[in-house]
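Please look over the model shown below before reading on. The exchange that follows concerns burial, exposure and contacts.

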Amino acid sequence: MRVQSSATAPTRIAVTTPAKPPVTGTLLAALGVVAFSLTFPATAWGLEGFGPWTLVALRSVLAALVAGGCLLALRVPLPDRRHRPGLAVVGAGVVVGFPLLTTLALQTSTTAHAAVVVGLLPLTTALLSALRFGTRPSRAFWAAALAGAAAVVAFTVQQSGGALTTADLYLFGALLVCAAGYTEGGRLARVMPGWQVIGWALVLCLPLTVPVAAVALAYEPIRLTAHSVTGLLWVAAGSQFLGLVVWYRGMAAVGIPRASQLQLAQPLLTLVWSVLLLGEHLTVAAPLTAAAVLVCIAVTQRARS
């Protein structure tokens, strides 16, 4: 019997290079956070010359005109029917609900107080994301979530003299509707560009925002000042459109949990803007509570990973 010898080929070992962090997505999400951190000071400026309903309706209409112009110029086709319910959630939460509720709250609340309460937004978004996509967070996640919520409730009750005010109820409602809009927008941004998500949501809300703007302009007085016009333009172009464009795009690139980590800085940034732009005086409780919420949310993000 003739035995044939065969040379054994050397084994090739595949070396995997660790994936680089999505720097572009992180940067875009960070730009969105900076834009959002200016929303409350800009709203306070806007309220110096516009009524709350006028300010909210005009910001949505102006942002929709910018978004609609971009959609028309680039000849973007209408979104698929299957995406329209999600866009309706984005519109209800981000275009209408959050701006309206926070603007009503800021009539009687300081921006610093509102910033601390809305500091729970990343946590609320993470919770709704877990419920929406069926994930099961760990016990550490839930413990940190409850601790963060307890810190904010204790802060609001202490600041309000022992009971929640109407402004606080507006802010807590704003948390829920905005978190729903963020969660659904983050999902849609994986199947369509982020700017189209907020663009179509703004356009779809025009049948509601245009009549409201017309009625509000007829009944609420207007006083045009440098502050009020600047505030309106920022919340319309900066917060309502451009900020959400980069935020949704960044969130689609890095994921909702990682993007939420970047949003931890938003309450603290707003506290800084409230001092620099509005001359507000912070109590010791405000930055301490914001820092406590930051720690709690950081624990929830680590528990999710």
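The questions and answers below refer to this predicted model.

Q: Which helix gives the largest share of the largest nonpolar core?
A: The largest nonpolar core has 50 residues, and those that touch the most other members are Tyr182, Val197, Ile198, Leu202, Leu244, Trp247 and Tyr248. Apart from this core lies another one, of nine residues, which includes Leu55, Ala57, Val61 and Val235. The largest share of the 50-residue core amounts to eight residues, and these come from residues 166-188, that is, from helix α8.

Q: Is Gln240, in helix α11, buried or exposed?
A: Leaving aside neighbours within four places in sequence, Gln240 is in contact with Arg59, Ser60, Ala63, Val94, Val95, Pro99, Ile198, Leu202 and Val235. The cut-off for burial is a relative accessible area under 20%. Because the relative accessible area of Gln240 is 1%, this residue counts as buried.

Q: What distance separates the C-alpha atoms of Gln240 and Ala35?
A: Gln240 is found in helix α11. Along the chain, Gln240 and Ala35 are 205 residues apart, whereas the separation of their C-alpha atoms is 9.3 Å.

Q: How many residues of helix α5 are buried?
A: Helix α5 spans residues 111-118 and is mostly covered. Its buried residues are Thr111, Ala112, His113, Ala114, Ala115, Val116, Val117 and Val118. Out of the eight residues of α5, the number buried is therefore eight.

Q: What is the area of the nonpolar surface patch that includes Leu65?
A: Leu65 lies in helix α3 and, because its relative accessibility is 55%, it counts as exposed. Together with Leu62, Leu217, Ile222, Leu224, Val229 and Leu233, Leu65 makes a nonpolar surface patch. The elements that give two or more residues to this patch are α3 (52-73) and α11 (226-254), and the area of the patch is about 610 Å².

Q: Which residue that is not a glycine has a positive phi of about 50 degrees?
A: The residue in question is found in the loop between α3 and α4 (84-105). With a relative accessible area of 76%, this residue is exposed, since the cut-off for exposure is over 50%. The residue with this positive phi is Arg75.

Q: How many disulfides are counted in the model?
A: Cys178 counts as buried at 2% relative accessibility, and Cys205 likewise counts as buried, at 10%. A disulfide requires a pair of cysteine sulfur atoms within 2.5 Å. By this rule, the count of disulfides comes to zero.

Technical notes: Residues are numbered from 1 along each chain as its sequence is written. This is a predicted model: local features need pLDDT of at least 70, side-chain atom pairs count only at pLDDT 80 or more; totals for chains, interfaces and linings use all residues. Side-chain values use heavy atoms; hydrogens and water are left out. A nonpolar core is a set of buried Ala, Val, Leu, Ile, Met, Phe, Trp, Tyr and Cys residues joined through side-chain atoms within 4.5 Å. Buried means under 20% relative accessible area, exposed over 50%, partly exposed in between (1.4 Å probe, protein chains only). Helices (H or I, at least four residues) and strands (E, at least two) are DSSP runs, numbered from the N terminus. Patches are made of residues with over 30% relative accessible area and no salt bridge: like charges are joined within 9 Å, nonpolar side chains (Val, Leu, Ile, Met, Phe, Trp, Tyr) within 5 Å. Accessible areas come from the Shrake-Rupley method with a 1.4 Å probe; for residues, only the protein chains shown count as cover. A salt bridge is a side-chain nitrogen of Lys or Arg within 4 Å of a carboxyl oxygen of Asp or Glu. Contact means heavy atoms within 4.5 Å.
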